[in-house]
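Visitor: I am new to this structure, and I would like to know how the words used for it are justified. Could you take me through them step by step?

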Amino acid sequence: MYAVTLDGFGEPEVMKWAQVDDLPAPGPGEVAIEVVAAGVNRADVMQRYGLYPPPPGASEILGLEVSGVVAEVGAGVREWAPGDAVCALLSGGGYAERVNVPATQVLPVPDGVSLTAAAALPEAAATVWSNLVMTAGLSSGQVLLIHGGGSGIGTHAIQVGRALGARVAVTAGSRFKLERCRELGANTLINYREEDFVSVMTTEYPGADVILDIMGAGYLQRNVEALAEDGDLTIIGLQDGAVAEVNLGVLLGKRGSIHVTNLRRRPERGPGSKADIIAELRTQLWPLISEGTIAPVVAAEVPIADVAEAHPLLDSAETIGKVLLTVREP
């Protein structure tokens, strides 16, 4: 089979679409998927640079989400059958023609979503729902602040927040991205190049009840200052560093909470596992997608042989939503 290989670590040119060994048949509890499309995520870029190795036992091939067609099922799998149109959350291996994945991490393609576009859903949906709902308990009437509103995570989080009845504020670096965030349902638009989000959040609101942060250290103290009383700060990325000091007195005075979470290294099964998250997505989120309340936002589809052109799109001012790699025709 063909997959994206890495010729060392570094710039996008180290990625090559090349022939590799065929995968074994799916093991017990696994599903083999013929990949139609794969989502591109920030974690893939970090792995390409050698900064984010896969967890033990996971594929060294990049790619944390795919859509495609079930080709084969392993022993004990009853819910899926060859020919099913699916998407799946992975620990690795998505930039390939075929991937094996635990059946508990597979989801049906929602009604109204194309097989290709479904590749934009698993990682963003699992990240957003597990953090905003399962961890922070976001509910109607609360204020949600999303950093990076134009990203794949951000565009999905805006729609989830809106669907749950929250008031949504976003940060982004251009008017173009902010206007698209407004179209998706954001109420408050903050250009981080020109405005102080702490001032906006504490002037227009009594602070944010929930903050979804992709920046990490560089935003930590300001995020704490932007929290409302009893607020929850959830950090899912470290784009602006991993080490910072925080004034615990401010956090204590607000009775605030800080959660730092990682999806890729969650266990396959058990409390807080990927299986738990996927099960909740299917019952709680997938109906909202099927009825059109929430939709995948796809910025670009790039043939996987041109994978080196896809990664830089994550940092483009024109990219809003997800970048997908297309592997074969659906």
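Guide: In this predicted model, the residues that line the largest pocket divide into 20 nonpolar, 20 polar and eight charged.

Visitor: What makes a residue count as charged in that lining?

Guide: Asp, Glu, Lys and Arg count as charged, and eight residues of the lining of the largest pocket belong to that class. The space in the largest pocket comes to about 1300 Å³, and among the 48 residues lining it, R42, I153, I214, G237 and Q239 are the closest to its centre. Two or more lining residues come from each of the elements α1 (42–48), α2 (122–135), α3 (152–163) and β9 (167–172), and α2 gives the most, with four residues.

Visitor: Which strand gives the most to the lining of the second largest pocket?

Guide: That is strand β6 (residues 98–102), which gives five residues. The second largest pocket has a volume of about 480 Å³, and its lining is made up of 13 nonpolar, seven polar and nine charged residues.

Visitor: How do you know that the buried residues of α5 line one face of the helix?

Guide: The buried residues of helix α5 (residues 197–204) are F197, V198, V200 and M201. Seen down the axis of α5, these residues fall within an arc of 165°, and therefore they line one face of the helix. They pack against β8 (143–147), β9, β10 (188–191), β11 (208–213) and α6 (220–226).

Visitor: Why is the aromatic pair of Y2 and W17 called tilted?

Guide: A search of the whole structure finds two aromatic pairs, and in the pair of Y2 and W17 the ring centres lie 6.0 Å apart with 35° between the planes. Because planes under 30 degrees apart count as stacked and those over 60 as edge-to-face, an angle of 35° leaves this pair among the tilted ones. Y2 lies in strand β1 (residues 2–6) and W17 in strand β2 (residues 15–19), so the pair ties together parts that are 15 residues apart in sequence.

Visitor: What makes Y2 partly exposed?

Guide: Buried means under 20% and exposed over 50%, so Y2, at 33% relative accessibility, counts as partly exposed. W17, at 24%, counts as partly exposed too.

Visitor: Why is the pair of F197 and Y219 called stacked?

Guide: The angle between the planes of F197 and Y219 is 25°, and because stacked means under 30 degrees, the pair counts as stacked. F197 lies in helix α5 and Y219 in the loop between β11 and α6, so this pair ties together parts that are 22 residues apart in sequence. Both F197 and Y219 are buried.

Notes:
Residues are numbered from 1 along each chain as its sequence is written. This is a predicted model: local features need pLDDT of at least 70, side-chain atom pairs count only at pLDDT 80 or more; totals for chains, interfaces and linings use all residues. Side-chain values use heavy atoms; hydrogens and water are left out. On a 1 Å grid over the protein atoms alone, a cavity is a set of points where a 1.4 Å probe fits but cannot get out, and a pocket is an open set with protein on both sides within 12 Å along at least five of seven lines; lining residues have an atom within 4 Å of a point. Grid points are joined across faces, edges and corners, and a volume is the space filled by probe spheres set on the points. Buried means under 20% relative accessible area, exposed over 50%, partly exposed in between (1.4 Å probe, protein chains only). The arc is that of the directions from the helix axis to the C-beta atoms. Contact means heavy atoms within 4.5 Å. Rings of Phe, Tyr and Trp (its six-membered ring) pair if their centres lie within 6.5 Å; planes under 30 degrees apart count as stacked, over 60 as edge-to-face and the rest as tilted.
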